[in-house]
Amino acid sequence: MFIYNITIKVDPEIHQQWLAWINKEHIPFILNTGKFSRHQLLRLREVDDSDGPTYALQFFADSKADYNAFKALHEGAVNQAAKGAWGAKMLSFSTLMEIVH
């Protein structure tokens with residue numbers, strides 16, 4: 001199993017609106033691509049939150065092929081939607097992780 005992990009720093013000005021958007025729009029859109037079986041949204045603790053909270057949004061793919069298909073077919077649109085909605089008030093980067101145990 002593979003985890004598509006997105007680490008996100010959110011400006012405190014938009015935090016509550018962003019949290020509603022991520023749960024009502026962003027996560028359902030990504031899950032509806034059919035490439036991930038589940039997700040989890042985590043808030044990082046014991047980090048400096050003075051410039052806003054940091055989250056890890058994780059999507060679980062059953063295969064590397066599912067992840068690759070998401071990247072090829074959907075990631076660009078997902079990133080554009082986030083940038084269009086929040087601009088520089090939300091910074092993010094993604095990583096791929098593989099569950100080994």
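Here are four short exercises on a predicted model, each with a worked solution.

**Exercise 1: the overall layout**

Work out how many helices and strands the chain has, and which pattern they follow along the sequence.

*Solution.* Start with the count: the secondary structure comes to 3 helices and 4 strands. Next, walk along the sequence, and the pattern reads β-α-β-β-α-α-β. For the extent, look at the C-alpha trace, which spans about 40 × 30 × 20 Å along its principal axes. Finally, try the radius of gyration: for 101 residues a compact globule would have a value near 13 Å, and the chain has 14 Å, which agrees.

**Exercise 2: the sheet**

Find the order of the strands in the sheet and name the edge strands.

*Solution.* Begin with the pairing: 4 strands form an open sheet with the order 2-3-1-4, and they pair in antiparallel fashion. Now go to the edges, where strand 2 (38-43) and strand 4 (90-98) each pair on one side only. On average, neighbouring strands of this sheet are turned by 20° against each other, direction ignored. To zoom in on one pairing, take strand 1 (residues 2-10) and strand 4, which run antiparallel and are joined by 9 bridges. A handy spot to check in your viewer is Y4, whose bridge partner in strand 4 is L96.

**Exercise 3: helices across the sheet**

Determine which strands helix 1 and helix 2 lie across, and at what angles they run.

*Solution.* Take helix 1 to begin with: it lies across strand 1, strand 2, strand 3 (54-61) and strand 4, and its direction is at about 10° to strand 3. Then turn to helix 2 (residues 64-73), which lies across strand 1, strand 3 and strand 4. Helix 2 runs at about 40° to strand 1.

**Exercise 4: a helix pair**

Describe how helix 1 and helix 3 are arranged, and list the residues through which they meet.

*Solution.* Two packed helices are described by the angle and the distance between their axes. Here, the axes of helix 1 (residues 15-31) and helix 3 (residues 75-86) come within 12 Å and cross at roughly 160°. Angles over 145 degrees count as roughly antiparallel, and helix 1 and helix 3 are therefore roughly antiparallel to each other. The handedness comes next: helix 1 passes helix 3 in a right-handed crossing. For the contact itself, helix 1 brings Q17, W18, W21, H26, F29 and I30, while helix 3 brings V78, A81, A82, A85 and W86. Sorted by class, this contact has 9 nonpolar and 2 polar residues, with no charged ones.

Methods:
Residues numbered from 1 in each chain as written. Predicted model: local features only at pLDDT ≥ 70, side-chain atom pairs only at ≥ 80, totals over all residues. Heavy atoms only, no water. Axes fitted to C-alpha atoms, helices over the stretch in contact; angles between N-to-C directions. Helix = DSSP H or I, 4+ residues; strand = E, 2+ residues; numbered from the N terminus. Parallel < 35°, antiparallel > 145°, perpendicular 65-115°, else oblique. Left-handed = near helix turned anticlockwise from the far one by under 90°. Contact = heavy atoms within 4.5 Å. Nonpolar A, V, L, I, M, F, W, Y, C, P; charged D, E, K, R; others polar. Pairing = 2+ DSSP bridges. Rg over C-alpha atoms; globule rule 2.2 N^0.38 Å.
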